[in-house]
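User: I'd love a close look at one part of this structure. Could you then walk me outward from there to the rest?

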Amino acid sequence: MKPSISVITLAVQDIEQSLQFYCEGLGFKSDGIMGQEFEYGAVAFIQLQSGLKLALWPQRSLQQDTGLELSPICPTQMALGHNVYSPLEVDQIMVLAERAGAKIIKAAHTTFYGRYAGYFQDPNGHLWEIVWNPDLDKD
């Protein structure tokens, strides 16, 4: 298997609210919700970068498709990371996220390892880390 990811799917409670958070709140781009004509088919795709999409899919649809039991979202199970070019950009994104309805989990701060980062949760509890790390190649 080639180590590559093409879609990250976030299970959401309310697909419309989630799409609004990501598109209107954070400025992401999407063609909207598709597949609504199928039971468990509604999904929204957001282009992140070349070859990578974020899918918003109702948690009940993911549960139905996999056969797994429905369970609460565990925010410490994983985090999505977004690296930026400066501490100021970390601060700006954290403010933008909070205005869009995110819950600030840890305000932007200098980390113990010398970077600058903050954490927020989207309306469904998915954890995002916004971080400035000058040693990490963003491309």
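How many residues lie between β6 and β7 in their hairpin, and which glycine in the turn has a positive phi?

Analyst: Happy to help! The hairpin of β6 and β7 has five residues between its strands, and the glycine with a positive phi, about 85°, is glycine 114 in the turn. Before going on, please keep in mind that this is a predicted model, in which local features need pLDDT of at least 70 and side-chain atom pairs count only at pLDDT 80 or more, while totals for chains, interfaces and linings use all residues. Residues are numbered from 1 along each chain as its sequence is written, and side-chain values use heavy atoms, with hydrogens and water left out.

A word on the names: strands (E, at least two residues) and helices (H or I, at least four) are DSSP runs numbered from the N terminus. Two strands are said to pair if DSSP finds at least two bridges between them.

Let's stay with the hairpin for a moment. Strand β6 covers residues 103-110, and five bridges pair it with β7 in the antiparallel sense. Threonine 110 faces tyrosine 116 of β7 across this pairing. Strand β7 (residues 116-121) has five of its six residues buried, so the rest of the structure largely encloses it. Here "buried" stands for under 20% relative accessible area, "exposed" for over 50% and "partly exposed" for anything in between, with a 1.4 Å probe and protein chains only.

β7 also pairs with strand β8 (residues 127-132), again antiparallel, over six bridges. One partnership to look for there is tyrosine 119 with glutamate 129 in β8. The hairpin of β7 and β8 has five residues between the strands too, and glycine 125 in this hairpin has a positive phi near 95°.

A neighbouring residue number leads us to helix α1. Asparagine 124 is among the contacts of serine 18, along with Val12 and Leu56, once neighbours within four places in sequence are left aside. A contact here is a pair of heavy atoms within 4.5 Å. Serine 18 sits in helix α1 and counts as buried, at 1% relative accessible area. Other buried residues of α1 (residues 15-25) include Ile15, Leu19, Phe21 and Tyr22. The N-terminal end of α1 is capped by aspartate 14, whose side-chain oxygen is 3.1 Å from the backbone nitrogen of glutamate 16. After α1 comes glycine 27, with a positive phi near 85°.

Now for the other sheet to trace on your screen. Four strands form an open sheet in the order β1-β4-β3-β2, with mixed pairing. Its edges are β1 (7-12) and β2 (30-34), each of which pairs on one side only. From one strand to the next, the twist averages 20°. β1 runs parallel to β4 (residues 52-58), and six bridges join the two. Among the bridge partners, valine 7 is matched with lysine 53 in β4.

Proline 58 belongs to β4 and is buried, at 18% relative accessible area. Beyond residues up to four places away in sequence, proline 58 touches Val12, Ile15 and Ala42. Its C-alpha is 7.8 Å from that of tyrosine 40, although 18 residues separate the two in sequence.

Helix α2 (residues 59-66) lies across β1 and β4, running at about 90° to β4. That angle is taken between N-to-C directions, on a scale from 0 to 180 degrees, using axes fitted to C-alpha atoms, for helices over the stretch in contact. Glutamine 59 is part of α2 and is buried at 13% relative accessibility. Its contacts outside the four nearest places in sequence are Ala11, Val12, Gln13, Leu70, Ser71 and Ile73.

Stepping back, the protein chain has three helices and eight strands, which run β-α-β-β-β-α-β-α-β-β-β from the N terminus. Buried residues account for 35% of its 139 residues. Its C-alpha atoms fill a box of roughly 45 × 35 × 30 Å along the principal axes. Finally, of the contacts between residues at least 6 apart in sequence, 48% join residues at least 24 apart.

Key:
Polar contact = N/O pair within 3.5 Å; in protein donor to acceptor, adjacent residues only side chain to side chain.
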